[in-house]
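Biologist: I've just opened this one and don't know where to look. Can you take me round it, one question at a time?

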Amino acid sequence: MTRKNPQVEENDEKDLVVGDGPKDWAAGIPGVLHSMKPAIEHMGLNRTRKTVLAMNQKDGFDCPSCAWPDPNHRKAFEFCENGAKAVTWEATPVVIGREFWAEHSVSELRTHSEYWLGMQGRLTEPVHKPAGEDHYKPVSWPEAIRIIADKLKGLDSPDEAAFYTSGRTSNEAAFLYQLMVRGYGTNNLPDCSNMCHESSGWAMGQTIGIGKATVSFDDFAKADLIIVMGQNPGTNHPRMLTELEACKENGGHIVAVNPLPEAGLRRYKNPQKVKGIIGRGTEIADQFLHIRIGGDMALLQAISKRVLDAEALNPGTVLDHAFLAEHCEGLDELKEHLSLLDEEAVLTATGLRTEEIDELAARYLKAEKVIITWAMGITQQKKGVATIKEIINLLLLRGNIGKPGAGASPIRGHSNVQGDRTMGIWEQMPQSFMDSLGDEFGFEPPREHGVDAVETINKMRDGGIKAFIALGGNFVGAISDTNATEAAMQNTELSVQISTKLNRSHTVTGAEALILPTMGRSEIDIQESGPQFVSVEDTVCAVHPSWGKVEPVSHHLLSEPAIVSRLGKALVGDRVKADWDGFETNYDLIRDHISRVVGGCENYNERIRQEGGFILANGPRDSRTFPTPTGKAVLTVNDLEHVEKPEGTLILQSMRSHDQFNTTIYGHNDRYRGIKKGRHVVFVNPEDIEELGLADGMFVDIRGEYQDGVERMVRKFRVVSYPTARGCAAAYYPEANVLVPLNHTAEGSNTPVSKAVIVRLEPSEDQTPDGSTTVASGAAAQPR
């Protein structure tokens, strides 16, 4: 039974509460309560049972918010707090009725926060905003498809359109989408990977030949040492904590490297174990390195130098000489380069003591099986690509790739980010993929590289891209430089969003705009040939099916494969040999094509139906074979550079709160950091607060310090005294996006540098905590 959208009040932050600092443990009974209570309240007991308890099960659906892999032997409660929040948000029976669009103009919707927009309920029918008008109006599916196809066909060139993809997209929908786009005639396929793990793909591709993890799920429990860098598992992928606990229980050790202490890396109270309910739980990190933002590259070089020095003192006993000789190149060059490493420069860059670095080096030297795992705290640095190359260097020196319990583990985004890339969602797919695609569908795909996410905004701004189509996601809310992004989107002639719920991207549009409502992953998908399932790939290359479990909230909804099939038929037609009608009615037909186009996906329909799906081949992991130009893994030389901070400034990183998933805001609390009823806060080390002449609790305007002639500022954020690394600060994403210049990107990957933003904190004119100058996300981006 569906319900109409509720009355939701905006949070004005006047009741913001700041606790006593970071919590020292994660999960436990509070995690269970924060999972189930909202689910039952919003969905009811029956819908909760059908969704939450089916999530990540072999006969259920894949979590829409997590990249963490699923074990072979799954527990009855194979979900986490944020996974439960994500499915509650998606599977809510609250819907947006027709009257909503008459009551709310696009301009008025733009004044609301992401939280308010998301809480209005599920989208249920296509709506269209004609050029020159300020209201969406319901339209039929055939009319919506016709409007889009006619506009795209009328462009001077297919390259005047860009086709974005979010990580929520299934393998089947992603494969169809890239086929449609390339059949139309462009490689303009920006995606959310451009904003998160592009640095991982570039660095790993250039060093070991594959941009994916070289570990399996079971390797975490087998490791002697796991180094966790630039990530917060307790909030962003809490199920990882169970495997970190397994590592500890098997005698392994864990080192956390992060500018902020995070509860999940301190102590874990597993709610499925007695000691997690009535005991202290498990101490996770044996060592915490409170690193300065941007100092990870220096730390890794310092550890590698200590490994090489240990080998020089005890020749033949430290390095894995057999592995290096047979499988690697570049060792002599690395030795020479690191011999000149300046220890003082390392200490300056990292903010650490020599003793702390020595301790980590000793741990690494003692361990026979080491995993290094990282996320956006590494990838969204200016030197993100070089830093990840240093991760690979360190692993290769002692043969920690291609053996059980060891390897490189990027936690690649969420949901199906990795699967989308496997299916061809990339503006720079290799020519071998394009050859296979063209042979399979009888056409010549475009060969020139397309634009990534940042390039898309630049081209929209300059008029080179006139139409923007998004398969899921919240592009406007997610990417950097909010002002520039919004102005660029409003400069287009058409924007289209394929979505389950409202977000900022529906309110900042092209002259003409459409919203196409789609089914959620949790919903039963029945087509003409019968019930359908889709497939996804997780962070360790495991591909598995995903079956919806609840009735769709509206019979007007179409699945993502159905929407793309209808648009493909209208836009591309028979220019490619594709059975668009058949693809909509039977997803097996899509998978048949995948099996012949995508490497490693042979016999896809048969293998995806095996219990638990199948694992894609991975040369570095499976056989120590490296698909690089020389067939060897490459040890690289990278020049050290740390983030320079002018006097009176701080290095800011953006991050999630515990009550959000990407740009989706579930609530205004951040339980593990002690924040309630607010998001407009900036976390600063108490010594920096004093040095800058500020005070805990003071309201400040945060000004970006860049010499590009553009002033970037957010107003009236509350200073929170917090144990960040000295000289560093943190604020929530997406509110802080306005401070990240569009072209401030990582070298090599063009990923926005959201983890090293130079800012100045200036006392706000208004110091009253009444919410009078607090503005909604996005509106906070206005310069003065």
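Biologist: In what order do the strands of the closed barrel run?
Modeller: Keep in mind that this is a predicted model, where local features need pLDDT of at least 70, side-chain atom pairs count only at pLDDT 80 or more, and totals for chains, interfaces and linings use all residues. Residues are numbered from 1 along each chain as its sequence is written, and side-chain values use heavy atoms, with hydrogens and water left out. Strands here are DSSP runs (E, at least two residues; helices are H or I, at least four) numbered from the N terminus, and two of them pair if DSSP finds at least two bridges between them. With mixed pairing, six strands close up in the order β25-β32-β29-β31-β30-β33.

Biologist: And what does the twist average from one strand to the next?
Modeller: Each axis is a line fitted to C-alpha atoms (for helices, over the stretch in contact), and angles run from 0 to 180 degrees between N-to-C directions. Going from one strand of the barrel to the next, the average twist is 45 degrees.

Biologist: Let's zoom in on the barrel. Which residue of β31 stands opposite F683?
Modeller: Strands of a sheet pair through backbone hydrogen bonds, either parallel or antiparallel. Strand β29, residues 681-684, pairs with β31, residues 713-721, in the parallel sense, and four bridges link the two. Across from F683 in that pair sits V720.

Biologist: Just before β29 there's a loop. Which residue in it has a positive phi?
Modeller: Most residues other than glycine have a negative phi, and most peptide bonds are trans. The loop in question links β28 (675-676) to β29. A residue other than glycine has a phi near 60 degrees there, and that residue is K677.

Biologist: What about the peptide bond from Y733 to P734, cis or trans?
Modeller: For context, P734 sits in the loop that joins β32 (728-732) to β33 (757-763). Omega for the bond from Y733 to P734 is near 10 degrees, and the bond is cis.

Biologist: There's an open sheet as well. Which are its edge strands?
Modeller: The open sheet has six strands with mixed pairing, ordered β6-β5-β18-β17-β16-β7. An edge strand of this sheet pairs on one side only, and that description fits β6 (137-138) and β7 (161-165).

Biologist: Which residue of β16 is the bridge partner of T165?
Modeller: β7 and β16 (residues 467-471) run parallel, with five bridges joining them. On the β16 side, T165 is matched with L471.

Biologist: Now the helices. How are α14 and α16 set relative to each other?
Modeller: Helix α14 covers residues 296-313 and helix α16 covers residues 331-338; their axes come within 10 Å and cross at roughly 105 degrees. Angles under 35 degrees count as roughly parallel, over 145 as roughly antiparallel, 65 to 115 as roughly perpendicular and the rest as oblique. So the two helices, α14 and α16, are roughly perpendicular.

Biologist: Which residues of α14 and α16 make the contact?
Modeller: Contact here means heavy atoms within 4.5 Å. On the α14 side you'll find Q301, S304, K305 and L308. Facing them from α16 are L331, K335, H337 and L338.
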